[in-house]
Amino acid sequence: MFARRPEQRSLLGEILDWMLAPLLLLWPMSMGLTWVVAQGIANRPYDRDLGELARSVAQRVVVHTDVVREVRLPPGVSALVADVLRGEDAGAMYYQVLGLRGELVAGDRNLRVPVDERIEPGVLKFRDDTMLEEPVRVAYLWLAVPLEAREVPPLVQVAETLDRRSRLATEIIKGVILPQFVILPLAVVLVWLALARGLAPLNALQNRIRQREAHDLSPIAEREAPEEVTPLVRAINELLARLDHSMSAQKHFLADAAHQLKTPLAGLRMQAELAQREIDAGGDARSVRRSLEQIALSSQRAAHMVNQLLALARAEDREQALRQQDVDLVPLAIETVEDFVPRAIDKRIDLGYEGPSLADARPTLQGQPVLVRELIRNLVDNALQYTPPGGAVTVRVLVDPFGQVAVLQVEDTGPGIPAAERELVFQPFYRALGTNVDGSGLGLAIVREIATQHGAEIDVEDAQPRTGGGPGTRFTVRFPLGGARAA
């Protein structure tokens with residue numbers, strides 16, 4: 001029922017995690033690699049000594065080839081060899097000498113003979129084996145002697161247990177690993193201090209931003225920030241610039257709105273006071289009625305102004321612009337024309353609609369029906385405001401034969417808009433001089449905002465009126481059928 005908020009991570013902790021995690025992973029790998037290297041380092045000197053010992057024994061072997069072909073060790077050599085081996089490490093070394101027929105000449109019988117191996121006389125070789133269920137390292141060589149049928153070269157083998165090698169490898173490991181237990185924590189502390197020192201400029205930048213006043217939207221000095229944070233500072237400056245522009249526009253809009261509302265409200269108050277004085281002075285009913293009519297007109301203007309302001313605020317709502325649905329221009333245009341027919345009759349203006357009927361097939365656009373209706377209403381209201389009696393206002397819906405856009409046109413026979421003012425009329429509270437028309441100056445600003453949110457284009461041009469009057473104005477709005485896009 002309650003969504004869990006994402007845990008806030010520390011930048012320093014994140015960097016330390018990404019540095020220490022690989023170290024903790026590589027440390028066991030380093031220990032294993034060090035053990036393998038230490039084993040190789042320990043084996044080389046012992047293998048060299050073991051090989052020299054095997055060659056020394058081989059040099060003392062005598063092969064008789066006169067009457068009886070046999071292999072023997074001279075008297076006393078066996079005891080000498082045994083003494084040498086015991087001098088190395090009692091019970092840790094063994095030797096064996098085999099004759100021409102594989103018989104034991106001297107040494108330990110339990111040493112196994114290498115099998116499935118090509119015999120290379122005179123070549124010293126090494127292998128790993130077991131002796132009395134204990135792992136040993138064996139150095140062996142076949143003697144190079146003339147052979148007869150069914151004879152094999154004499155074999156000399158010297159074996160050594162791995163105790164001394166393991167002890168040496170362990171000493172090497174201790175000499176390498178133990179310092180790491182001191183160096184690694186010290187390295188972590190130094191890295192932490194270095195990172196804390198490196199992140200100090202970020203803390204300084206944070207303090208500078210925190211000490212700013214709420215109204216201070218000036219850009220942050222990029223040179224005072226670290227180079228790696230410069231893109232972030234630049235993005236913040238762009239956001240501050242947009243926020244400053246938006247707040248300035250809102251302040252300007254509120255000032256204009258207050259100024260525009262001041263006039264009808266002041267007139268409303270003045271007319272109310274005048275009617276009150278007329279009643280207190282016993283004035284005639286005609287004067288009181290005239291004051292009440294002015295009160296009604298001023299309240300109507302104020303209500304229209306407030307409605308326009310609300311419509312503009314609704315048009316600027318970005319969240320509403322994101323909630324899109326299918327919008328059909330034809331029924332919206334027809335309903336808007338029907339709503340304005342009584343007003344057009346009062347002003348003796350020919351208000352009409354041209355375009356597809358409700359029964360015709362037509363494409364739809366993606367957008368907000370409420371906002372699109374507001375756009376059409378403001379265009380028609382603006383046309384009726386500026387069209388003199390006897391003129392004409394036409395609402396037209398056109399369908400692009402290529403299916404790319406839906407076109408809405410509102411055409412009138414009013415005084416027209418000079419080319420120099422066609423961009424200015426879309427600004428809030430702007431009204432062309434010399435028109436003598438009441439209005440808030442917000443209608444076309446609302447139209448521009450809604451069109452922008454729907455990705456539509458607006459063109460303003462002179463119309464070709466069907467009856468007398470000025471050059472007229474034609475507003476053309478082209479809605480893309482592919483869907484609206486937020487400005």
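**Why these labels? Salt bridges, a sheet and two helices**

Q: Why is D459 called partly exposed?
A: D459 has a relative accessible area of 33%. Buried means under 20%, exposed over 50%, and partly exposed in between (1.4 Å probe, protein chains only), so D459 falls in the middle class. Please keep in mind that this is a predicted model, in which local features need pLDDT of at least 70, side-chain atom pairs count only at pLDDT 80 or more, and totals for chains, interfaces and linings use all residues. Residues are numbered from 1 along each chain as its sequence is written, and side-chain values use heavy atoms, with hydrogens and water left out.

Q: How do you know that R478 and D459 form a salt bridge?
A: Their closest N and O atoms are 2.4 Å apart. A salt bridge needs a side-chain nitrogen of Lys or Arg within 4 Å of a carboxyl oxygen of Asp or Glu, so this pair qualifies. R478 sits in strand β14 (residues 473-480) and D459 in strand β13 (residues 457-462), 19 residues apart, so the pair links distant parts of the chain. R478 is partly exposed too, at 31%.

Q: What makes D128 and R137 a salt bridge, and which of them is buried?
A: The N to O distance between their side chains is 2.9 Å, which satisfies the cut-off. R137 is the buried partner, at 16% relative accessible area, whereas D128 counts as exposed at 59%.

Q: What do E335 and R373 tie together?
A: These two form a salt bridge, with the closest N and O atoms 2.9 Å apart. E335 belongs to helix α8 (residues 329-346) and R373 to helix α9, so the bridge ties together parts that are 38 residues apart in sequence. Both ends are in the middle class: E335 is partly exposed at 33%, and R373 is partly exposed at 30%. The structure holds 20 salt bridges.

Q: How do you know that β13 and β14 are paired strands?
A: They share six bridges, in the antiparallel sense. Pairing asks DSSP for at least two bridges between the strands, so these two pass. For instance, E461 has R474 in β14 as its bridge partner.

Q: Why do β9 and β13 stand at the edges of the sheet?
A: The open sheet has five strands in the order β9-β11-β12-β14-β13, with mixed pairing. β9 (350-354) and β13 each have a single partner strand, so one side of each is left without a neighbour in the sheet. Neighbouring strands are turned by 15 degrees against each other on average, direction ignored. Helix α9 packs on this sheet and touches β9, β11 (392-399), β12 (405-412) and β14.

Q: How do you know that α9 and α10 are in contact?
A: Contact means heavy atoms within 4.5 Å. Residues of α9 including L371, L375 and L379 meet residues of α10, among them L444, V447 and I450. The contact residues divide into nine nonpolar, four polar and one charged. Helix α9 (residues 369-386) and helix α10 (residues 443-453) pack at about 145 degrees, with their axes 9 Å apart.

Q: What makes α10 mostly covered?
A: Nine of its eleven residues are buried. Among them are G443, A445, E449 and Q453. Just after α10 comes G455, with a positive phi near 65 degrees.

Note on methods. Axes are lines fitted to C-alpha atoms, for helices over the stretch in contact, and angles run from 0 to 180 degrees between N-to-C directions. Helices (H or I, at least four residues) and strands (E, at least two) are DSSP runs, numbered from the N terminus. Ala, Val, Leu, Ile, Met, Phe, Trp, Tyr, Cys and Pro count as nonpolar, Asp, Glu, Lys and Arg as charged, and the others, Gly among them, as polar.
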